[in-house]
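Student: I have a protein model open in front of me, and I would like to learn how to read it. Could we go through it together?

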Amino acid sequence: MENITTSDLARYSIIHEKNPREIVLLRGRGCVWRRCRFCDYHLDFSRDEKANFALNRTQLEQVTGLYGTLEAINSGSFVDLDHDTLSLIEQVCQKRQIHQVHFECHWMHREEIPRFRQRFEQLGITLKLKIGVETFDSLFRESYLDKGIDTDSPAEIAAYFDEACLLQGLPGQTAESMERDIETGLAYFERVCINIMQKNTKSIQPDPEVITAFAARLYPKYIHNNRVDILMENTDFGVG
Ligand code: SF4
């Protein structure tokens, strides 16, 4: 069921630092996986594709092309977006001289990425695909988080994806394990986005001690790294 509070979400923002870009939080028909045990943002969806397009159009019309780069996220994967929204993204990019677009995608849709890249490449637009890996510790990831990535090889994931999101501040993590994940992410991916776990409606809770360890030891180490985004709050990009 659609969460009625999602209509209040901020859906357009500009990120001025590090990889500067405009960002839109679009709405799709819903994450197909929907099993990650820490996630309730997949509630931002609607089966009504016309309504999704109408909402997405109001956000995409705000895009100016200021930095020539757009990030289009949708609480799921690009495959959940309707055809009209995808066509409008192409049109906006052409009109606003945007040559790079970042999209998110779950591992289960990885085989659809090459064709999607080609579609945009024909228009002179390079895609950057981002995956929520959360951690490269595959046992923790799959038995605790139920993420649905059936490989323990960062190289195999990086064969499809350009950027990795990590989820940190969870029970069981340590400063050392989080640093290991960040370093693995930097070794295999162009960019790493660290999301600090926030309390939400799901049973997995943030661990305050782990977050304190992150803030003391890892935040100072990586905050000035241009390849690392750190979201201490999940609205730090100005959307959500
Ligand atoms: S794949 Fe993404 S949107 Fe879907 S349940 Fe997992 S974290 Fe949530």
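**Reading the model together**

Tutor: Let's start with a loop: Ser-75 is located between strand 3 (69-73) and helix 2. Keep in mind that this is a predicted model.

Student: Is Ser-75 buried or exposed?

Tutor: A residue counts as buried when 20 or more other C-beta atoms lie within 10 Å of its own. Ser-75 has 22 such neighbours, so the class it falls into is buried.

Student: What is the phi of Ser-75?

Tutor: Ser-75 is not a glycine, and yet its phi is positive. The value is about 50°.

Student: Which residues are around the ligand?

Tutor: Ser-75, which we have just met, is one of them. From the loop between strand 2 and helix 1 comes Tyr-41, which is also around the ligand. The full set is Cys-31, Trp-33, Arg-34, Arg-35, Cys-36, Cys-39, Tyr-41, His-42, Ser-75, Gly-76, His-106 and Gly-132.

Student: How do the residues of that shell divide by type?

Tutor: Cys counts as nonpolar, Gly as polar and Arg as charged. Sorted in this way, the shell around the ligand has 5 nonpolar, 5 polar and 2 charged residues.

Student: How far apart in space are Tyr-41 and Gly-76?

Tutor: Tyr-41 is buried, with 20 other C-beta atoms within 10 Å. Along the sequence, Tyr-41 and Gly-76 are 35 residues apart. From C-alpha to C-alpha, their separation is 8.6 Å.

Student: Let's turn to the strands. In what sense do strand 1 and strand 2 pair?

Tutor: These two strands form a hairpin with 5 residues between them. Their pairing runs over 4 bridges, and its sense is antiparallel.

Student: Which residue in the turn of that hairpin has a positive phi?

Tutor: Look in the loop between strand 1 (12-15) and strand 2 (21-25). The residue there is partly exposed, because 15 other C-beta atoms lie within 10 Å. Its phi is about 50° although it is not a glycine. The residue is Lys-18.

Student: In what sense do strand 2 and strand 3 pair?

Tutor: Val-24 makes a good guide here: Tyr-12 stands opposite it, and in strand 3 its bridge partner is Ala-72. Strand 2 and strand 3 are joined over 4 bridges, and the sense is parallel.

Student: How many residues of strand 2 are buried?

Tutor: Take the two faces in turn. Arg-21, Ile-23 and Leu-25 are buried on one side, and Glu-22 and Val-24 are buried on the other. Both faces are therefore covered under the 20-neighbour cut-off. The count for strand 2 is 5 of 5.

Student: What separates the C-alpha atoms of Arg-27 and Asn-74?

Tutor: Arg-27 sits in the loop between strand 2 and helix 1 (49-60), and it counts as buried because it has 29 C-beta neighbours inside 10 Å. Beyond four places in sequence, it touches Asp-44, Phe-45, Ser-46, Asn-52, Leu-55, Asn-56 and Asn-74. Arg-27 and Asn-74 are 47 residues apart along the chain, but their C-alpha atoms are separated by 5.2 Å.

Student: Now the inside of the protein. How many residues does the largest nonpolar core have?

Tutor: In soluble globular proteins, nonpolar side chains tend to be buried together. Here, the residues with the most contacts inside the core are Ala-72, Ile-89, Ile-131, Val-133, Ala-164 and Leu-166. The core has 50 residues.

Student: Which element gives the largest share of this core?

Tutor: The share amounts to 5 residues. They come from the element that spans residues 83-95, helix 2.

Student: Which residues is Ile-131 in contact with?

Tutor: Ile-131 is among the core residues with the most contacts. Setting aside neighbours within four places in sequence, its contacts are Cys-105, Trp-107, Ile-157, Phe-161, Ala-164 and Cys-165.

Student: To finish, what is the radius of gyration of the whole protein?

Tutor: The protein has 7 helices and 8 strands. For 240 residues the globule rule gives 18 Å, and the value here is close to that, so the protein is as compact as a globular protein of that length. The radius of gyration is 17 Å.

Key
Residues are numbered from 1 along each chain as its sequence is written. This is a predicted model: local features need pLDDT of at least 70, side-chain atom pairs count only at pLDDT 80 or more; totals for chains, interfaces and linings use all residues. A residue is near a molecule or strand if its C-beta atom, placed from the backbone, lies within 6 Å of it. A nonpolar core is a set of buried Ala, Val, Leu, Ile, Met, Phe, Trp, Tyr and Cys residues joined through C-beta atoms within 7 Å. A residue is buried if 20 or more other C-beta atoms lie within 10 Å of its own, exposed if 12 or fewer, and partly exposed in between; C-beta atoms are placed from the backbone. Two residues are in contact if their C-beta atoms, placed from the backbone, lie within 7 Å. The radius of gyration is taken over C-alpha atoms; the globule rule is 2.2 Å times the number of residues to the power 0.38. Two strands pair if DSSP finds at least two bridges between them.
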